[in-house]
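Please read the sequence and look at the model below before going on. The report that follows takes the overall build of one chain and then turns to how its helices pack.

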Amino acid sequence: MGTASVGCPKCGARVEFDAGSKFVRCSYCASQIYIDRSGAGFYYILPFLVREDNAVGIFKRWAAGPTKAKYLDQRAQLAGSKRQYFPVYMFKRLVDGKELIRVEPAGSTTLPGLHELKVPAGDLKVFDSKYDVGGVPLIQPDIEMGAYLEKLPGAGKEQALVFFPIWTLDYVHDGKRYQVVIDGSSGEVFAADFPKRGSGPYLAVAGVGYFAFLAEALLSYFSPWLAAMLIAVTVVCVFAASLFVAWRM
Amino acid sequence: MPDEALSVGLSCPSCGGAVSIEEGESVINCRYCDSMLFIEGDMGIQTVAFKNKVDPQRAMQAAEAWWKKGFKARDLKKVGKTTEVYPIYLPFWSTTIKVAGWVCGYEEKTRSDSKGNTTTERVYKEVMVLQDHRFSQIACDPGDLGIRSLRNFSGERTFEDFTMIPTFETTSSVDEARKQAEAEAVEQARRGAGVPHITFERIYTVPRKMSVIYYPIWVVRYSYRDRMYVVTVDGVGGQILSGRAPGDPLYQSMAITGGTAVAGLVSGFGLVFATLEAGGSSGYIAIFALAIGAGVLYATYRFFRNGSEIIEGEFQGKRGEIGNPLDVGEILKTLEGFRP
């Protein structure tokens, strides 16, 4: 599945072709056919490669990252998850003999990350009535393709509407609601706002430790034994403090 | 969709026989009348695919062996559990560019004698560059896979796995890739010439055809304490290409303890030594010691701050570097800048 078909211009038989191919061979008369996409609009779809339990797991991995609030992965309460297909237009243009690819929004959205507008990595399939979306809702495009076509430079080589899979997870942390979007194909996480982890304690441990050792090295000029003892004490203190910070802060 | 507008039959203009063209070919011979035909317009791009040589078992073993290496969570090998292993084909733009030209300029050498006088000398240089530059770049959005370029260009070529393995399509522009390939080739040639101050250069690039390589890559997803991480494995060689893994607070605190101790003591002893040895170069020694201290402190602080997740590979942002937090070579290279 996930292929489209054309009539062979030589023998008239149906010839199936995939999203990425430019040339196909007719399986009946064996003649080679060039697929000219410049005049038509194609519909493509990227299948989901990330299941729901994986989406939640990816969110937790992201939430445990060093820039997120400590224990966000355990403290964030999931308040809902849904999967959708989000539409973008992909235009291939020929400008001064060079190929130019432009991606434009096809649906208006407030979801984080979808403003960056790209076609995520995935197994592009031709999307037609035969394609089974498995009950996943499609966000319908509310911006016309024609509105862009008029303004784009160069001549059209291909224009397509691409539906790509996203997981939207809502979570609550400290009484505040947040949202992340996970690319359902590669697992990339997008978030506009999230509870952050401060660098203060980390900087404090590093700074205090550095200057303590620096001072002790200077002190060793006057009293090597006292300095050696203090260095040993500082090693233990910095280790304990940094372990506490790394665990808890 | 109107069929007729979409498909174009290809016939020989001389004899009318059907011609057969593979993507990327620009000149062909008609097999009936033998006339030579030049293909105009969108000829497509030559495509190759490497055969997948890795099975799920091997991909999993490679990922699990990777868990034990480096500064990852110590309990990862016990708690980590592989949940999903699947192969994908990723597309890469690939080409070889010949670079030829001349780079002229000079290098400044500063010397100081025992009295503390410094003299700067200009050494003029004229370097010929002639080299091949291998370029590869992922031809779709890399998402969260942490792969941007190819490291291996050899392997058995076949399309036979194409129906079995999900194939990611190219979604970036071939001419954009071409432009980057040329810029990269020129930049590399310029750097290779080793002329710090360039006054004149003329570098030519001889581009070859851009092709697309479909490379098999195994995606291994594993869980660790309810979190889902990902590792990618080279489908030809079986080695790890990129991955994320949980870090360990113990390593983080060991790094910063060692880092502050080394940085503080080196800086302090450097200052003490400089005051004792009140000679011409003592000031430089103090600066050098402080610079080493700063470099060590910075590197270990970064690991301390970000080491709760270990990242290897070409992920977005610079944080990918912390997978190798104690790269002494890098630190020394940074220090070169401070050296008197």
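A residue is called buried if 20 or more other C-beta atoms lie within 10 Å of its own, exposed if 12 or fewer do, and partly exposed in between, with the C-beta atoms placed from the backbone. By that rule, 36% of the 249 residues of chain A count as buried. The model is a predicted one, in which local features need pLDDT of at least 70 and side-chain atom pairs count only at pLDDT 80 or more, while totals for chains, interfaces and linings use all residues. Residues are numbered from 1 along each chain as its sequence is written, and chains are lettered from A and ligands numbered from 1 in the order in which they are written.

Helices (H or I, at least four residues) and strands (E, at least two) are DSSP runs, numbered from the N terminus, and chain A has five helices and 11 strands. The radius of gyration of chain A, at 28 Å, is well over the 18 Å that the globule rule gives for 249 residues, so chain A is more spread out than a compact globule. That radius is taken over C-alpha atoms, and the rule is 2.2 Å times the number of residues to the power 0.38. Along the principal axes, the C-alpha atoms of chain A fill a box of roughly 95 × 40 × 35 Å.

Two residues are in contact if their C-beta atoms, placed from the backbone, lie within 7 Å. In this sense 64 residues of chain A are in contact with 63 residues of chain B, and H4(A) gives the largest share of the side of chain A that touches chain B, 12 residues.

Helix H4 (residues 200-219) of chain A takes part in two packings, set out below. Axes are lines fitted to C-alpha atoms, for helices over the stretch in contact, and angles run from 0 to 180 degrees between N-to-C directions.

| Helix pair | Angle | Axes |
|---|---|---|
| H4(A) and H5(A) | about 175° | 10 Å apart |
| H4(A) and H6(B) | roughly 150° | within 10 Å |

H4(A) and H5(A) are therefore roughly antiparallel to each other, a term for angles over 145 degrees, whereas those under 35 count as roughly parallel, 65 to 115 as roughly perpendicular and the rest as oblique. Their contact includes Val205(A) and Phe213(A) of H4(A) and Leu230(A) and Val238(A) of H5(A).

The contact of H4(A) with H6(B) is made by Tyr202(A), Ala206(A) and Tyr210(A) on one helix and by Leu297(B), Tyr301(B), Phe304(B) and Arg305(B) on the other.
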